Amino acid sequence: MTAAGYVTDVTYVPGFYPQMSPVAMRYVAALNGVMPPRMAEGFRFLELGCGLGRCLTTLAAAHPRGEFVGVDLNPEHTAAVARDIAAGELGNARVITSDFGHVPADLGTFDFLALHGVYSWVAPSVREEILALARERLAPGGLLLVSYNAMPGWAHLQPIRGMLRQYAALRQGDSAQRVRDAVAYLVFMREKQAKYFEDNPRAAAYIDALLQQDPRYLVHEYMNEHWTSFYFAEVAGAFGQEGLSFVGSLPVFTNFWDLCVRPEFQELFRTTTNRLVTEAHKDFCANTAFRWDIYSKSPRLMRDPGERLREVDDLHYLVARPGVTLPYQANLGVVTSTVQGPLYQSLLGILGGRSRRLSEIVAAEELRGTPPVDIVRAVDAGVAMGLFDITAAAIGEVPTDLADAVSIAHPFNRAVLESDALGGRALALASVLSGTGHSVGDLDAAILHELTARGRAGLAARVAKRLEASGRTIQQNGQPVNDEAKRGQLVEEACQAFIATSLPELARLGIVTA
Ligand SMILES: C[S@@+](CC[C@H](N)C(=O)[O-])C[C@H]1O[C@@H](n2cnc3c(N)ncnc32)[C@H](O)[C@@H]1O
């Protein structure tokens, strides 16, 4: 087994990324006229470079019918994943300690293959191994998700990465200590007005972002020997050689060029259909720094919108945030878009209570007379702008009469709350209904944990006690609150807000049960 220049002395940070959900991948395929793999009878999902595995395990908990396999070369990472699999009683997940060149020969093929935070950070030889796995392990019609640092958005940061590594190499200690020293050195250079920072104000501002980051993240982002930011065409060319075709990208709005590119640049997109050309122009107009791209092996193209309605009708749609009104504005990077008009007003009504399938939306009485193709386009644009969510199964109304005693249904979610509440970062809880993970802040996680373990009586006092024991501060207007009475009041308010808004949503998603 070889790390080929990838750091192994410091473990990574846990994180859940909803882009990795097979529901999101399938939706992007359907949106772009490609038939996605079916899920109802079961499916296989392979994650390359799963790190601490929170995507793998959360998705395994959310999809009991799927089989999830993670691969990572760092034994500390895979040991943590194996612990989470055992604690979460995930009989449908397993993790393999291996480099990509030595995965077991009998691994079989997969309907979904995903790698996040890997492709840009590994040696060229490792990218070749990844491409070989894509060729050999992705089933025909399967979908692959790859994320990477993209050009031109990363261009002004290349020198920062170079300086971080060069300075870190001069220092002592493990990679985390050396990256801390290197960030301090960049702060010093900026303070003393090194000409690079004077000439590149965005790079100078980026140092503040570095200071906010967990050193473990910085190690894995910047301390690897290899680090390449790619143009879309380079990645599309590499996967194309293995027989994979570009399908689309995440977030969903990136599939709509008019949501990514200001009107004055849109002429080219109206006249050119070559994706290699349009994606390059889009990335330039939006200064894209990171891409989540989806590829398909031997894609089966859907002939007409009717085929999508017939064949991919297992996805459900619902209003993403309760209480949304029109006109609704979304700022999507460089373009601010507005949703309004009677069609959207009807859709808000139809999808505001419970979720519906596309065929149900098209057949809704309120939309009689509107061509299905217009309805589907409006739903897709609404998803792109964050107005509607896509879910794996039907989601009902928000419950209004939650009992005092609530519990956490899935052992995985119980284990995550047990280990990570008040851990200083948001955590994700799995929902079988949505087919993905839902982010909960660490204080809310502690409230939920106390609530489910010991009920509502004395809740705020118990949470306050936990806070004190953990040393986590409570902030108001960005400042830590030191006054005990004030802290108690803020915890009380946080508990009430959680019970009033977040708890019913978690119940709706089946994460919490009465
Ligand atoms: C930046 S981390 C991303 C982890 C995870 N996907 C996430 O987003 O949280 C990259 C991961 O790839 C693993 N990795 C790097 N090179 C590898 C190789 N050649 N074979 C297997 N795993 C590798 C590392 O150990 C690390 O866990």
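**Aromatic contacts and the strands around E7**

In this predicted model, Arg 44 sits over the face of Phe 110, with 4.2 Å to the ring centre. A second arginine does much the same job of capping a ring: Arg 127 lies over the face of Tyr 119, here at 5.9 Å from the ring centre.

Tyr 119 also belongs to an aromatic cluster, whose other members are Tyr 148, Phe 230, Phe 232, Phe 239, Phe 246 and Tyr 295. Across the model, the count of aromatic pairs comes to 21. Take Phe 290 and Trp 292: their ring centres are 5.8 Å apart and their planes meet at 75 degrees, so the pair is edge-to-face, since anything over 60 degrees falls in that class. As for exposure, Phe 290 has 32% relative accessibility and so counts as partly exposed, whereas Trp 292, at 7%, is buried.

Both residues fall within strand E7, which spans residues 290–297. Of the 8 residues in E7, 7 are buried, so the rest of the structure largely encloses this strand. E7 has antiparallel pairing with strand E5 (residues 138–149), over 7 bridges. In register terms, Tyr 148 stands opposite Arg 291 of E7, and Tyr 148 is one of the cluster residues named above.

Strand E6 (residues 244–250) pairs with E7 as well, again in the antiparallel sense, this time over 6 bridges. Here Leu 244 is found opposite Lys 297 of E7.

Technical notes. Residues numbered from 1 in each chain as written. Predicted model: local features only at pLDDT ≥ 70, side-chain atom pairs only at ≥ 80, totals over all residues. Heavy atoms only, no water. Phe/Tyr/Trp six-rings, centres within 6.5 Å; stacked < 30°, edge-to-face > 60°. Buried < 20%, exposed > 50% of the residue type's maximum accessible area, 1.4 Å probe, protein only. Lys NZ or Arg CZ within 6 Å of the ring centre and 35° of its normal. Helix = DSSP H or I, 4+ residues; strand = E, 2+ residues; numbered from the N terminus. Pairing = 2+ DSSP bridges.
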